[in-house]
Structures are given as structure tokens and as C-alpha cells.
Amino acid sequence: MKALPIGIQSFERLRENNYLYVDKTEKILDLITKGERYFLSRPRRFGKSLTLSTLEAMFKGQYNLFKGLKAEQWVIEQSKNPATVLRFDISVCETENMNLFKQSLSEMLSRIARRFNINLYSQTVTGMFADLIEEIYNLHGRIVILIDEYDKPILDNIGNLEQVEQFRSTLSSFYAVLKSCDDYLRFIMITGISKFTKVGVFSALNNLEDISMDEQFSDIVGYTQQELEYFFNDRIRSVAEKMKITGEDIIMRLKNYYDGFSFDGTVRLYNPFSILQFFKKEEFNNYWYESGSPSFIVEWMKDHQIGEPEEYRHKTVQKDFTTSQEIERADPSSFLFQSGYLTIEKKQEQLFTLDYPNREVLDSISSMYLKLVYKIEGYASLGNEIWKALREGNISDVVKLYNTALAGIPYDDYFKNKNEFWYRSMFVMLLRGAGIIAYNEPHTSKGRADVVIHFENDIRNRKKLVIILEFKFAKKSSEVEKMKLKGEIQIRENEYGKNYET
């Protein structure tokens, strides 16, 4: 089996060292042949940088890297007249303040100029960028421009609105150079996490085609089901043998954990980072969130009231919900979608329905909420202890452990949200934050159970323990026993457990 390309964003390195590559070159070739000016937004660790690296190798005509790939013949023809490619990775620039950012951007431009043995006469980064493009065009003809992580300076400062506006103004002037130098450019591709708005960074650069939610290019990054089963077939069999289950069982669990990302409401995708980590470690785990939450997500969550995680399940929004505002002022639904925590469950007319894409993300948002909003220390171990007590049928210990978690929540947060829905959501979050399968209000033919918890300790024999809980809010201690009995009756009469009988 070929080595897994974990952490490798260079197409050249990946191919020269014979790493596994999920062939996206046919889709990238469609991009090249059907247009010239593109923008793509995707969450972190989704393959944006590798896509730009592949584009660079294609335009340069490095045909030796494309043997056996879908775009091989096109690259062979391109090698007869290779393009000059300028690739900018904005994520490597200093973003602590504006002076450091301009200095690092200036150094980046100067390094490229030295590589081409040309002089830059302007003193500003905008002028230097224009000089660079014009001088290289005069020497080599029309240029390909690839820009990665265009919005990194804004996202790194998302908690400081004054500084965000400064960065936005500087970036707007910088990227506007591409419009003024349009005649010198053959192809442009810009990527980032956040989508641009008509009054933002790209207000002057209005000739970009935004393919972020275009069905034709929805799978240009990420793995489809077909790609997963074809390119990872040997590894699926290997893991299945190790776990002593079937390949079909592995695929089913992979779908549950890591599938479900959709940027058009039709095509479903796996996060490449999580899939590669799974096949490296050969165990189901939360890899995407554990790799480190970007600081911009943490800062944004601290400064915004995002509501309970369950409020975003099956939520309906307008189709333009990602472009109505800049990301630092965006509605939580837009922010969570662009950062990868929500996805498009389905589309209809001018509406999208949003949801969490998979178990990994659902566990991640619960962990983030417990840590950042309710500041519960040791939530993972608490969740595990609750899980053990539930499995043993020790309800009194469950209540004690849950009260321990509630006791750690700040007074103001605790009392302003005191209702049945809040208690139920907090309980489910504690379990999910510990990586436990818990569902909030799953539908049945006769209603919705409050909480359903799955125990899967023996998947080989397919034996499952399922616990169903009904939450009731008692305003007085004298009502507790009455509410307990009411909950038990509701579970039995509505047959909440019927779907789980074997």
C-alpha cells in the first residue's frame, strides 16, 4: 500500500515520493478549461493548498508528475508552452499587527522578484505587487496567479474589529491590483475559509467566479464515497481484518464519523484530514478537532451568543446566508458553516437546510461549547463517568455527576437558561464531548424521545444496549416524583424503544 500523505500540501513532493493521491486532476482540468478567474472557500484541512499546488504543476507542464492521472495528456501538451506561475501563501505572513503584515508581504514580493532577477521600484506593497506582475509579464508573457488563505489576517484578528477593518482595507487594495493588471493575467485562483461580500476584500475585484457552492465543482476538494471506496480499498480491508469485522461495517462507521460535508446540498464529502488520520491510527476518533481549533473560531465564540448547539439542527436559511455580511459580524449559522461545523443537509428553491455533517463534528461542537461557553473543567472525564453509570443502571450516580457539571457553570449563564431544553442539551453535550453516541430528540412514529444513548461495545455480535431518557422540569421539589412517573409513562405509551428492539 502507498504511504499516506498526511500533512503534505505539495503535489510535487506527493507524486515524487509515491504517496497515495486521490486523483482530482480531471475536476481541476474542468476548472482550467471552463474559466479563468475563480474563488473557492472551504473549511481548514480540506485540501485547498494541495489543489493550488496541483494547479501550479499543471500550468508549469510538469508532465512527469501526472503519469497515470486523468489530466496527463493536457499537461503533456502544456509542457510545450509552460506558464509562469506566481503562488502566494498569505498564511505565512505575520498578522500580529499591520506593520508586521506589510513587512512580511513586502519580503514575499521581494523574494519572488529576486527569483526572476527583476527590480521593484515602488515603496508600497500594492505598488510592489503591480510592479512584479508587469515586469514578469514583460519578460515571460501572461501569468497565472494562485493565492492561498487570502483571509488569514482577518480571521487571526477577528476579535479586534478596528484591526480587522485595517487589514480588510489593506487587502482590498492589494487584491485590487489583480483587476488593474487583468490583461497581464492568464488565470487566477484564490482560496480561503470565509466567503467575500460585495463590500469587503474583493469589492474592486468583481470578476472572480465564486465556485464555493457550485455543484459542478463541489467535490474539487474532499473525498466522495466512490473515491473513498476505490482509493482506500486495501486499507479498508486491512482495518476490517484488524477489528475482526467486515469491510461493509468499516464503511458504515466511516460514514457515521466523517462523511456528510456538503457545500451544494447534493454531493456528500469526507474530510480528507480525518480519513487519512483514521487509516494511519486505525481507530475511530475525533481527529479534525483534536488537531487544534483555529484561534479565530475560539475568539468568535467568546464574543458571540451562538445559542445551544441543538438550535442549528435542521435549521432553514436563505441561499445567500454566507454572503450577506462579513464573517466577523455574520449570523452564527453562516460562521459555523464557513468554519466547517455546519453543512447543507438539503436544498429547496431559495432555501438551504443546515445540520452538523457527522458524529466527529457534533462531538467537536459539544466539546467547544462545554469548554468555551460553559467553561466546564474535565468535561470529557465527567461524560465518561456518566456513561459508565448509565451502562450500569446507576441513575443516582448519573444525577450526582450531572450536578457536579452544573455546579461549575458561571452563575449568570446557569440561571438565564434554566429550562428543560437547556438541561437536556447540556446532558447530551457532556456525553458527546466525551465521544459517546447520544441523540437529542430523535424522531419516532409516535413522537420524539428526549435523549437516546447507544452503547456499542460488541459490534462483531451486533449487540447493542440503548438507553432512553425523558427529561422533565420540576419547579418544586415536591413535583419530582410526579414528573419521574410522567416521564416513564410517556416513554412506554409512545413506544420510544420500539425502533431499537432486535
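Arginine 268 touches Tyr223, Thr224, Asp259, Gly260, Phe261, Ser262, Ile344, Glu345 and Lys346, leaving out residues up to four places away in sequence. This arginine sits in the loop between α11 and α12, in a model that is predicted. With a relative accessibility of 28%, arginine 268 counts as partly exposed. Here is a friendly tour that starts from this loop, moves out to the whole chain and then visits the cores and a few individual residues.

**The loop between α11 and α12**

- Glutamate 345, one of the residues that arginine 268 touches, is 77 residues away along the chain, yet the two C-alpha atoms are separated by 9.3 Å.
- Serine 262 lies in the loop between α11 and α12 (272-281), which is also where arginine 268 is found.
- Is serine 262 buried or exposed? Serine 262 is buried, because its relative accessible area is 0% and the cut-off for buried is under 20%.
- Beyond its neighbours within four places in sequence, serine 262 is in contact with Val267, Arg268, Phe337, Thr343 and Ile344.
- Ile344 appears in both contact lists, that of serine 262 and that of arginine 268.

**The chain as a whole**

- The protein chain holds 21 helices and 13 strands.
- Its radius of gyration is 26 Å, which agrees with the value near 23 Å for a compact globule of 502 residues.
- Along the principal axes, the C-alpha atoms fill a box of roughly 85 × 50 × 40 Å.
- Buried residues account for 53% of the 502 residues.
- Taking contacts between residues at least 6 apart in sequence, 69% join residues at least 24 apart.
- About 23,500 Å² of the protein chain is exposed, and carbon and sulfur atoms supply 45% of that area.
- On the charge side, there are 67 positive and 72 negative side chains, with the centres of the two sets 3 Å apart.

**The nonpolar cores**

- In soluble globular proteins, nonpolar side chains tend to be buried together.
- Which residues touch the most other members of the largest nonpolar core? They are Leu55, Phe187, Met189, Met426, Phe427 and Ile453, out of 95 residues in that core.
- A second, separate core has 42 residues, including Phe39, Tyr150, Leu178 and Phe202.
- Methionine 426 is in contact with Leu370, Tyr374, Ile376, Tyr402, Leu406 and Ile409, once its neighbours within four places in sequence are left aside.
- Phenylalanine 427 lies in helix α20, which spans residues 420-433, and counts as buried at 3% relative accessibility.
- Not counting residues up to four places away in sequence, phenylalanine 427 touches Ile386, Leu390, Val398, Tyr402, Ile453, Leu469 and Phe471.
- Tyr402 is therefore a contact of methionine 426 as well as of phenylalanine 427, where contact means heavy atoms within 4.5 Å.
- Ile453, touched by phenylalanine 427, is itself among the residues with the most contacts to other members of the largest core.
- The C-alpha atoms of phenylalanine 427 and aspartate 148, which are 279 residues apart along the chain, are separated by 40 Å.

**Positive phi away from glycine**

- Most residues other than glycine have a negative phi.
- Glutamate 149 has a positive phi of about 55° although it is not a glycine.
- This glutamate 149 belongs to the loop between β3 (143-148) and α7 (152-156), and a relative accessible area of 16% makes glutamate 149 buried.
- Lysine 244 also has a positive phi, of about 60°, without being a glycine.
- Lysine 244 is placed in the loop between α10 (233-243) and α11 (247-258).
- Is lysine 244 buried or exposed? Lysine 244 counts as exposed, because its relative accessibility is 58% and exposed means over 50%.

**Alanine 71**

- Where is alanine 71 placed? Alanine 71 is in the loop between α3 (48-59) and α4 (72-78).
- At 1% relative accessibility, alanine 71 counts as buried.
- Setting aside residues up to four places away in sequence, alanine 71 touches Thr25, Leu29 and Met58.
- Alanine 71 and glutamate 495 are 424 residues apart in sequence, and their C-alpha atoms are 56 Å apart in space.

Notes: Residues are numbered from 1 along each chain as its sequence is written. This is a predicted model: local features need pLDDT of at least 70, side-chain atom pairs count only at pLDDT 80 or more; totals for chains, interfaces and linings use all residues. Side-chain values use heavy atoms; hydrogens and water are left out. Helices (H or I, at least four residues) and strands (E, at least two) are DSSP runs, numbered from the N terminus. The radius of gyration is taken over C-alpha atoms; the globule rule is 2.2 Å times the number of residues to the power 0.38. Buried means under 20% relative accessible area, exposed over 50%, partly exposed in between (1.4 Å probe, protein chains only). Accessible areas come from the Shrake-Rupley method with a 1.4 Å probe; for residues, only the protein chains shown count as cover. Lys and Arg count as positive and Asp and Glu as negative; His and the chain ends are not counted. The place of a charge is taken as NZ of Lys, CZ of Arg, CG of Asp or CD of Glu. A nonpolar core is a set of buried Ala, Val, Leu, Ile, Met, Phe, Trp, Tyr and Cys residues joined through side-chain atoms within 4.5 Å.
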